[in-house]
Amino acid sequence: VRRTIKNPAPSGGRISNFSTFSIRGFREPDSPMHQRIIKFIDGKVISTIMTIATIYALFGDDIRLAWVPPSVDPVFYTLSIIALVLFAMELILNSIA
């Protein structure tokens with residue numbers, strides 16, 4: 001979690017400096033770890049997987065209700081849980097990066 005705080009200047013109380021910090025303290029946003037995470041998230045494979053998960057999240061349940069027999073419901077529930085886990089992982093990785 002990044003937050004921006006304003007540090008007043010010693011003279012006159014004007015705002016002179018903005019500092020970025022995370023829960024762990026000050027960090028370097030251009031570190032190699034952050035660059036690897038961003039490269040991973042923005043890759044073609046992950047973008048394709050997340051696009052498919054998004055389309056499923058939008059239309060999967062409607063397809064299940066309209067055209068699939070109730071015996072296949074557990075498959076759709078499993079796919080929904082997988083999509084939820086993927087979205088959570090993407091959120092966490094984007095928060096770190």
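Which residues in H1 meet Leu93, Asn94 and Ile96 in H3? In this predicted model, the residues of H1 that do so are Met33, His34, Ile37, Phe40 and Ile41. The paragraphs below begin with the overall fold, return to this contact, and then follow helix H2 to its buried residues and its salt bridges.

The protein chain contains three helices and two strands. Their order along the sequence is β-β-α-α-α. Of the 97 residues of the chain, 18% count as buried. Among contacts in the chain with a separation of 6 or more, 38% are between residues 24 or more positions apart.

Two packed helices are described by the angle between their axes and the distance between the axes. For helix H1, which spans residues 32–41, and H3, the packing angle is about 145° and the axes lie 9 Å apart. The crossing of H1 past H3 is left-handed. On the H1 side, the contact is formed by Met33, His34, Ile37, Phe40 and Ile41, and on the H3 side by Leu93, Asn94 and Ile96. By character, the residues of this contact comprise six nonpolar and two polar, with no charged residue.

The second helix pair consists of H2, residues 44–67, and H3, residues 73–96; these pack at an angle of about 145°, with 10 Å between their axes. H2 likewise passes H3 in a left-handed crossing. H2 contributes Ile49, Met50, Ala53, Thr54, Tyr56, Ala57, Gly60, Ile63 and Arg64 to the contact, while H3 contributes Asp73, Phe76, Tyr77, Leu79, Ser80, Ala83, Leu86, Phe87 and Glu90. Twelve of the residues in this contact are nonpolar, three are polar and three are charged.

Helix H2 is bent by about 50° at phenylalanine 59. Which residues in H2 are buried? They are Met50, Ala53, Tyr56, Gly60 and Arg64, and the elements that cover them include H3. Each of these five residues also appears in the list of H2 residues that make the contact with H3.

Alanine 53 offers a closer view of this packing. This residue of helix H2 has a relative accessible area of 7% and is therefore buried. Not counting residues up to four places away in sequence, alanine 53 touches Ala83, Leu86 and Phe87, which belong to the H3 side of the contact. Alanine 53 and leucine 79 are 26 residues apart in sequence, and their C-alpha atoms are 8.7 Å apart in space.

Between H2 and H3 lies a loop in which valine 68 is found. With 21% relative accessibility, valine 68 counts as partly exposed, because the cut-off for a buried residue is under 20%. Its contacts, not counting residues up to four places away in sequence, are with Ile63 and Phe76. Ile63 is part of H2, and Phe76 is part of H3, in the contact between these two helices.

The remaining topic is the charged residues. Side chains of opposite charge can pair when their charged atoms come close. How many salt bridges does the structure hold? There are two salt bridges, and they link Asp61, Arg64 and Asp73 in a network.

In one salt bridge, the side chain of arginine 64 meets that of aspartate 61, at 2.7 Å from N to O. Where do these two residues stand relative to each other in helix H2? Arginine 64 and aspartate 61 are three residues apart in helix H2, so about one helical turn separates them. An α-helix has 3.6 residues a turn, so residues three or four places apart point the same way. Arginine 64 is buried, with a relative accessible area of 12%, whereas aspartate 61 is partly exposed at 40%.

In the other salt bridge, the side chains of arginine 64 and aspartate 73 meet at 3.3 Å, N to O. Aspartate 73 is buried, with a relative accessible area of 14%. Arg64 of H2 and Asp73 of H3 are both among the residues that form the contact between these helices. Arginine 64 thus takes part in the salt bridge with aspartate 61 and in the salt bridge with aspartate 73.

Definitions and conventions
Residues are numbered from 1 along each chain as its sequence is written. This is a predicted model: local features need pLDDT of at least 70, side-chain atom pairs count only at pLDDT 80 or more; totals for chains, interfaces and linings use all residues. Side-chain values use heavy atoms; hydrogens and water are left out. Axes are lines fitted to C-alpha atoms, for helices over the stretch in contact, and angles run from 0 to 180 degrees between N-to-C directions. Helices (H or I, at least four residues) and strands (E, at least two) are DSSP runs, numbered from the N terminus. A crossing is left-handed if the near helix is turned anticlockwise from the far one by less than a right angle, and right-handed if clockwise. Contact means heavy atoms within 4.5 Å. Ala, Val, Leu, Ile, Met, Phe, Trp, Tyr, Cys and Pro count as nonpolar, Asp, Glu, Lys and Arg as charged, and the others, Gly among them, as polar. The bend at a residue is the angle between axes fitted to the seven residues ending there and the seven starting there. Buried means under 20% relative accessible area, exposed over 50%, partly exposed in between (1.4 Å probe, protein chains only). A salt bridge is a side-chain nitrogen of Lys or Arg within 4 Å of a carboxyl oxygen of Asp or Glu.
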